[in-house]
Amino acid sequence: MAGYVPPLRDIRFVLEQLVELDGLSKLEAFAHADPETVFGVLEESGRFMADVVGPLNRIGDTAGSTYDGDGQVSTPPGFREAYRQYVDAGWGAVPFPAEFGGGGFPWLVTVAMQEMMTSASMAFSLCPLLTQGAIEALSQYGSPEQQATYLDKMVTGEWTGTMNLTEPQAGSDLGVVRAKAVPADDGTWRITGQKIFITFGEHDLAGNIIHLVLARVPDAPAGTKGISCFIVPKYLVNADGSLGARNDLRCVSIEHKLGIHASPTCVMSYGDGGGATGYLIGEANQGMRYMFTMMNTARLSVGLQGLSIAERSYQDALRYAQERKQGRAIGTPAGESSLIVEHPDVRRMLLTMKAYIEAMRALLYTNAVSVDLAHHHQDPAERQARQELVELLTPISKGWCTDLGVELTSLGVQIFGGMGFVEETGVAQHLRDSRIAPIYEGTNGIQAIDLVMRKLPMRHGGVVADLLAQMESLDPELAAAGPELAGVRAALTSGVSALREATTWLGAKLPAAVRPGHRRLAAGPFGPGRVRAAARRERLRRGLPPGQDRHRPLLRRAAAAAGRRPAPRRHRGRRPALRRRPQQGDPRLMTEWIYFLHPPRDDFAATMTAAEEAVWAEHFQRLQLMLASGQLILAGPTLGTVNTGLCIFDAPDEQAARQVMEEDPVVRGGYARGELRPFRASLLRGRD
Ligand SMILES: Cc1cc2nc3c(=O)[nH]c(=O)nc-3n(C[C@H](O)[C@H](O)[C@H](O)COP(=O)(O)OP(=O)(O)OC[C@H]3O[C@@H](n4cnc5c(N)ncnc54)[C@H](O)[C@@H]3O)c2cc1C
C-alpha cells in the first residue's frame, strides 16, 4: 500500500479561489502570512506528514498503545521519534500568538496543516489536537502566572495537554460531573475523582502532561453552572520552570477500541493519595463558559477528521482502482479485462468520494477563515457577521463532515471489493478510525440539537437567512456563465430552495423557548409575590376577569416541588371554570396549559423563581420532544392566541392552519386540539 500524498493542489485551490487567503494576509495581524509564505509552510509540513507521520499509520493500528498495568502507557514503535521531530520542527507552534512563542499564523493555515497530519495518521494527530485545545483555554483564561508556567512548553509541544471532561455518568450531559475540588491552605486546590475516555491522558511522548480537569468546588450550584476548570499537571512545576514532584494522579487503564489504536484513551484517577494539586483557571463555576469558547475550534478540528480520513481512503481506493483488473468494461474487446476504474459503478463511487471531499474542504476552510476574520477583521460589523457564521457553521462542519467521513470510508472499502474487508490493505482501518468522529466532541445528535435549537434562531433567523441569501446571490453569476454551468446552476437553485424550505419549516416549528428573550428566565429568583403581581398585571393587560390569573397552577406545582404548602385559594363569587376539574376539550383549559408550557413574556418570565422555572422547564421539554417527533403538529384556525405568540388551533385540516400561520405575524407555532388531548391528560395526572 503506497503512502499518503498531501493534496496540495486541491488545498491551494480552496485557499486561493474560495476563501481568499490573499485578503486575510492584508489584515494587520497576518501581514506575515502572505500566500507564498503560507504555501511554502504547507508544502514543507505536507512533506513532513507524508514522510514521517504517514508511515506510522499502519503500525499504530496493529501495535496500538499499550498499558503496563502500573500507570505507564507506551505508544507504538516510531511514535516517540516522530513526535520528537514534530516538536523540533516547530509545527505545533504555527497558529499560536508570538507572545507565547507561536508563529501567529491564521487558523486557516492550521486547519490545512491539521488536515494533512490527520490524513497521515489520525491517532498521531490527536495528541497535538488535545494540546491545542488546552493551549486555547489557557491563553484566554489562564492568569499571567499560569500562562508563563505552562504555555511556552505546550506551544512547542514539549509538554502536551488533555481535556478531562467525561466521567462514567457524565458524557453528553456534563451538568452531572462529580469530580471534586477543595481549597488547600496554600491557595491551590485538591482534586479527587475519576475521568474516563481521556485522549492521551498518559503516554511516553512528552516530559509533562498538563491536564485541564472539570470539577466542582464546595457548594457549587447544581448543573453546568457549578463546574470549574483546573490545571492539574502530571508533574508539578517548580518556580524556576523545572519539573517537581509527581502529582497525585494516574492512568488506571486504557480502552480497547474499534479504531485509533495508537491513541491511548485513558481512565484517569485523581487524588487516590489524598488529592491531586490543581490550579483554578479564571473564576470558580465558570468552567463550562471557558470550555464553550474553545469548543468552536475543537469541533471544527473534529469535523476536519471526516475530511482527512475520507481523503486518505480516496487516495487508496483510486490507486487500487487504477491497478486492479477485473471484468470487461463497455467497449473493451473480448478477451481483455479492464481496470476496475473503467467500470461506471466504480467511477460513481470514486467521484462521489471526490465530490464530497471537495465540498467538505470548502465548508471547513470557510469556517476556519471566518474564525480568523471574527477575531482580526478591522471592521466590527464584519467581525460580528463572521462570528455568527462560525456559530452557525460549526455544528454543520462537525456533524456533516464526520458522518460523511464514515460513509465515504465505507465506499473506499467497497471499491476494494473483498480486499477491502481484510485488514492487510489498510483501507478497513480508515473506516474503523473514522467511526469515533461522530461520537466525541459532542455526538452528532447533540450537534443537530445545537444547530436547530441554538443556531437557527440566532438573530431571529437572520443569520441563516443571510447565508441563504448569500448562496442565492450566486445565481446571476451562474446565469451569465452560460450553458456550460447550467447544470450547476439548476442544482444550486434546487438545493438552496430545499434548504430554505426545510429551514422555514423548522423555524415555524421552533418553540418560543429558543427565542433570545427566553434566556432571561434564568434571571430569577423572585418570590411568589412578584409572580402574583406580574400575573395580575398580565391579566389586566389582557382584559381578563379576576380569577383568571394564569400563574396559579404554576405556583401550586412550584410550591409542591419546593416542599412548601400551596398558597390558599381565594375566590370571589362564583368559582371560575378553570378551577373546576378540567373537562376534556375545554378551550380555556388548553389556553391555560399552553400559557404555562411556554415561556411567558419577558416581564413575566423575569419574575419566576427557580422552582417555578424547573416545573416549567420539565413540561416544556416534553412539548419540545413531542414537536420534534411529530406527535404535535400545527393545524387549524386560531382558537386563542396567548401572549407568547403561540396558539391553539382547532381546525379540520392542516391547510387552513398553514394559512393562519402565514397570515398572522404573531403566531410562531401551535397545536391541534385533538393532538393536545393525550398530552394534556398526562399533564393533568402529574398535576393531580
Ligand atoms: C475514543 C474516545 C476519545 C475521547 N476523548 C475524550 C477526551 O479527551 N476528553 C473527554 O472529556 N472526553 C472524551 N471522550 C468522551 C466523549 O466526548 C463522549 O463519549 C461523548 O461526549 C458522548 O458521551 P457518552 O459516551 O457518555 O454518550 P451518551 O451521552 O451516553 O450518549 C449516548 C447516545 O445518546 C444520545 N444522547 C445523549 N444525550 C442526548 C440528548 N440530550 N438528546 C439527544 N440525544 C442524546 C447521544 O447522541 C448518543 O447517541 C472520548 C470518547 C472516546 C470514545
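1. Start with the shell around the ligand in this predicted model. Three elements each supply at least two residues of that shell: strand β3 (159–164), strand β5 (189–199) and helix α14 (444–455). Find these stretches in the structure and you will have a good way into the site.

2. Which residues come nearest to the ligand? Of the 19 residues around the ligand, they are L165, G171, S172, T443 and G445. By character, the shell divides into 10 nonpolar residues, eight polar ones and one charged one.

3. Now look at where the shell comes from in terms of domains. Domain 1 (54–89 + 121–285) and domain 2 (291–329 + 336–508) each give at least three residues to the shell around the ligand.

4. Next, the inside of the protein. The largest nonpolar core has 132 residues, and L108, I191 and F230 are those with the most contacts inside it. Helix α9 (residues 287–321) provides the largest share of this core, 14 residues. Why does the core lie between domain 1 and domain 2? Because both domains give residues to it.

5. L108 deserves a second look. Setting aside neighbours within four places in sequence, L108 is in contact with V19, L21, L24, Y365, A368, V369 and D372.

6. Finally, a small hairpin to trace by eye. Strand β8 (residues 235–237) and strand β9 (residues 243–246) pair in the antiparallel sense over two bridges. V237 stands opposite L243 in β9. Five residues lie between the strands of this hairpin, and G241 takes a positive phi near 90°.

How values were computed: Residues numbered from 1 in each chain as written. Predicted model: local features only at pLDDT ≥ 70, side-chain atom pairs only at ≥ 80, totals over all residues. Near = placed C-beta within 6 Å. Helix = DSSP H or I, 4+ residues; strand = E, 2+ residues; numbered from the N terminus. Nonpolar A, V, L, I, M, F, W, Y, C, P; charged D, E, K, R; others polar. Domains from an automatic or database assignment. Core = buried A, V, L, I, M, F, W, Y, C linked by C-beta atoms within 7 Å. Buried ≥ 20, exposed ≤ 12 C-beta atoms within 10 Å, placed from the backbone. Contact = placed C-beta atoms within 7 Å. Pairing = 2+ DSSP bridges.
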